[in-house]
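Here is my note on the model you sent, set out as numbered points. I begin with one loop residue and its surroundings, and turn to the overall layout afterwards.

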Amino acid sequence: MGPVDQNNASTAMELTEDEAELYDRQIRLWGVESQKRLRATKILLIGVEGVGAEIAKNIILSGVKSVCLLDSGVVTKEDVNTAQFLAPHEDIGKNCAKQSN
């Protein structure tokens with residue numbers, strides 16, 4: 001599949017047709033250039049408990065290049081028993097921001 005915007009040679013990172021379909025709603029709201037900028041964006045999110053987890057999910061789904069999570073807390077039993085979807089049961093006692101293996 002070829003790039004969606006073949007006329008804009010100044011942009012090094014063109015969106016593929018698959019990406020254009022995936023982010024169609026955002027592109028209609030903000031335009032292709034904004035989605036390209038999002039795609040190149042790196043985010044640092046400090047705190048992944050509660051609202052931070054929801055913010056992380058929404059930022060990741062928007063199509064950013066990368067998200068770095070920073071949180072010194074550890075996953076507790078209460079975290080896995082609540083709506084904290086980033087905290088699986090096997091991560092109790094581990095750092096909140098480290099990825100499970």
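1. Leaving aside its neighbours within four places in sequence, Ser62 is in contact with Tyr23, Gln26, Gln35 and Leu38. The residue sits in the loop between H4 and E2, and because its relative accessible area is 13%, below the 20% limit, Ser62 counts as buried. Please keep in mind throughout that this is a predicted model, and that the distances discussed below are computed from its coordinates.

2. Two polar contacts involve Ser62, one through its side chain and one through its backbone. A polar atom of the Ser62 side chain lies 2.6 Å from the backbone oxygen of Ile59, a residue that belongs to the buried set of helix H4. The backbone oxygen of Ser62, for its part, is reached by the side chain of Gln26 at 3.0 Å.

3. Gln26 deserves a point of its own. This residue is found in helix H2, which spans residues 24-30, and with a relative accessible area of 16% Gln26 is buried. Its side chain forms a polar contact of 2.6 Å with the side chain of Gln35, in addition to the one that reaches the backbone oxygen of Ser62. When residues up to four places away in sequence are not counted, Gln26 touches Gly31, Gln35, Leu38, Leu61 and Ser62.

4. What covers the buried residues of H3? The cover includes H2, and the buried residues of H3 in question are Ser34, Gln35 and Lys36. Gln35 thus appears in several places, as a buried residue of H3, as the side-chain partner of Gln26 and as a contact of Ser62.

5. Arg39 is also in helix H3, which covers residues 32-39. At 22% relative accessibility Arg39 is partly exposed, because that value falls between the 20% and 50% limits. The C-alpha atoms of Arg39 and Ser62 are separated by 8.4 Å, although the two residues are 23 residues apart along the chain. Not counting residues up to four places away in sequence, Arg39 touches Met13, Glu14, Leu15 and Glu19, and also Gly63, Val64 and Lys65. A polar atom of the Arg39 side chain lies 2.7 Å from the backbone oxygen of Glu14.

6. Helix H4, residues 51-61, has Gly52, Ala53, Ala56 and Ile59 as buried residues. These cover an arc of only 130 degrees around the axis, which puts them on the same side of H4. An α-helix has 3.6 residues a turn, so residues three or four places apart point the same way. The buried residues of H4 pack against strand E1 (42-46) and strand E2 (66-70), whereas the face of H4 turned away from its buried side carries the exposed residues Val51 and Leu61. Just after this helix, Gly63 takes a positive phi of about 100 degrees, and Gly63 is also among the residues that Arg39 touches.

7. Do E1 and E2 run parallel or antiparallel? The two strands run parallel and are joined by 5 bridges, and one pairing to check in the viewer is that of Ile43 with its bridge partner Val67 in E2. The chain crosses from E1 through H4 to E2, and the resulting β-α-β crossover is right-handed.

8. Asp79 lies in helix H5, residues 77-81, and counts as buried at 14% relative accessibility. Its C-alpha atom is 8.1 Å from that of Glu49, with their positions 30 residues apart in sequence.

9. The overall picture can now be set beside these local points. The secondary structure comprises 5 helices and 2 strands, and the elements follow the order α-α-α-β-α-β-α from the N terminus. Of the 101 residues in the protein, 29% are buried. Among contacts with a separation of 6 or more, 44% are between residues 24 or more positions apart. The protein exposes about 7100 Å², of which carbon and sulfur atoms supply 55%.

Terms used:
Residues are numbered from 1 along each chain as its sequence is written. This is a predicted model: local features need pLDDT of at least 70, side-chain atom pairs count only at pLDDT 80 or more; totals for chains, interfaces and linings use all residues. Side-chain values use heavy atoms; hydrogens and water are left out. Helices (H or I, at least four residues) and strands (E, at least two) are DSSP runs, numbered from the N terminus. Buried means under 20% relative accessible area, exposed over 50%, partly exposed in between (1.4 Å probe, protein chains only). Contact means heavy atoms within 4.5 Å. Accessible areas come from the Shrake-Rupley method with a 1.4 Å probe; for residues, only the protein chains shown count as cover. The arc is that of the directions from the helix axis to the C-beta atoms. Two strands pair if DSSP finds at least two bridges between them. A crossover is right-handed if, with the strands pointing away from the viewer, the path from the first strand over the helix to the second runs clockwise. A polar contact is a pair of N or O atoms within 3.5 Å; within protein, one must be able to donate a hydrogen and the other to accept it, and residues adjacent in sequence count only if both atoms are side-chain atoms.
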